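I opened this entry to keep track of what I looked up. The notes follow the order in which I checked things.

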Amino acid sequence: MTRLLQYYIDRHAIRTLKKFNSKLRRFVLCTFKQEYIEDKQKTRFGDCFQCGKCCSLLFKCPFLEGPEGNTRCSIYDKGRPKQCAAFPIDYKDLHDVDYLCGYFFSNEVEKLGKLKTQ
Ligand code: SF4
Ligand code: SF4
């Protein structure tokens, strides 16, 4: 029982650490690597369907309003952080929301297509 509990604690700790790293990565990219962001956004398609998943990573953002599936940001046009507007920056970010996002990256779709035809 103790080992099982330890397993779940470890797993939770690893997931939390990964999400923290991802948040930090987005902050660093948005602050120092604007070119990378712009480059990646050229390959990003789709739209946000306001699920609010990216606003609830690690903790639920206090500016998030509305029920799940129909959320809105109360500071959307009033200076929301750059990393919010840029999400998902690249394919790695989609992992944080279990790939359930309205956006996708064309180069990743191409890669999948190539894998299927091999
Ligand atoms: S996870 Fe994607 S679809 Fe959901 S709110 Fe964030 S950007 Fe929009
Ligand atoms: S500031 Fe707005 S967009 Fe950014 S995490 Fe909070 S609710 Fe989401």
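My notes go from the whole chain to single residues.

**Overall layout**

I am working with a predicted model. I started with the secondary structure and found five helices and four strands in the chain. Read from the N terminus, the order is α-α-β-β-β-α-α-β-α. I then looked at the extent of the C-alpha trace, which spans about 50 × 50 × 30 Å along its principal axes. Burial came next: of the 118 residues, 10% count as buried. I also checked how contacts spread over the sequence. Among contacts with a separation of 6 or more, 57% join residues 24 or more positions apart.

**Helix α1**

I looked up α1 next. It covers residues 2-32, which makes 31 residues. From its first C-alpha to its last it reaches 44 Å, close to the 45 Å expected at 1.5 Å a residue. I checked its cover, and α1 is hardly covered, with one buried residue among its 31.

I picked Thr16 as a sample position in α1. Thr16 has 11 other C-beta atoms within 10 Å. The limit for exposed is 12 or fewer, so Thr16 is exposed. I also took a distance from here: the C-alpha atoms of Thr16 and Gln83 are separated by 19 Å. Along the chain these two are 67 residues apart.

**Ligand surroundings**

Which residues surround ligand 2? I listed Cys55, Cys61, Phe63, Leu64, Cys73, Ile75, Arg80, Pro81 and Cys84. By class, this shell has eight nonpolar residues, no polar ones and one charged.

I did the same for ligand 1. Its surroundings include Cys48, Phe49, Gln50, Cys51, Gly52, Lys53 and Cys54. Further along the sequence, Phe87, Val97, Cys101, Gly102 and Tyr103 also belong to the shell around ligand 1. Here the classes are eight nonpolar, three polar and one charged.

**The loop between α3 and α4**

Phe87, noted above at ligand 1, came up again when I went through the peptide bonds. The bond from Phe87 to Pro88 is cis, with omega near -10 degrees. Pro88 sits in the loop between α3 (82-86) and α4 (91-96).

Ile89 is found in that loop between α3 and α4 too. Is Ile89 buried or exposed? I counted 21 C-beta neighbours inside 10 Å. Buried needs 20 or more, so Ile89 counts as buried. Leaving out residues up to four places away in sequence, Ile89 touches Arg26, Leu29, Ile37 and Lys40. Two of these contacts, Arg26 and Leu29, fall within the range of α1, residues 2-32. Another position of that helix range, His12, has its C-alpha 25 Å from that of Ile89. Those two are 77 residues apart along the chain.

**Asp93 in helix α4**

I moved on to Asp93, which is in helix α4. Asp93 has 22 C-beta neighbours inside 10 Å, so this charged side chain's position counts as buried. Beyond four places in sequence, Asp93 touches Ser22, Arg26, Phe87 and Pro88. Arg26 is thus listed for Asp93 and for Ile89. Phe87 and Pro88 are the pair at the cis bond. I checked Ser22 by distance: its C-alpha is 7.3 Å from that of Asp93. The two are 71 residues apart along the chain.

**Positive phi after α4**

Which residues have a positive phi without being glycine? I noted Asp98, with phi of about 55 degrees, and Tyr99, with about 65 degrees. Asp98 lies in the loop between α4 and β4 (103-105), and Tyr99 is placed there as well. Asp98 has 8 other C-beta atoms within 10 Å and is exposed. Tyr99 has 10 such neighbours and also counts as exposed.

**Glu65 in strand β2**

My last stop was Glu65 in strand β2, residues 64-65. How exposed is Glu65? I found 13 other C-beta atoms within 10 Å, so Glu65 is partly exposed. Not counting residues up to four places away, Glu65 touches Thr71, Arg72 and Ser74. I compared its place with Ser22, met above as a contact of Asp93. The C-alpha atoms of Glu65 and Ser22 are separated by 23 Å, with their positions 43 residues apart along the chain given as the offset.

Methods:
Residues are numbered from 1 along each chain as its sequence is written. Chains are lettered from A and ligands numbered from 1 in the order in which they are written. This is a predicted model: local features need pLDDT of at least 70, side-chain atom pairs count only at pLDDT 80 or more; totals for chains, interfaces and linings use all residues. Helices (H or I, at least four residues) and strands (E, at least two) are DSSP runs, numbered from the N terminus. Two residues are in contact if their C-beta atoms, placed from the backbone, lie within 7 Å. A residue is near a molecule or strand if its C-beta atom, placed from the backbone, lies within 6 Å of it. The expected span of a helix is 1.5 Å times one less than its number of residues.
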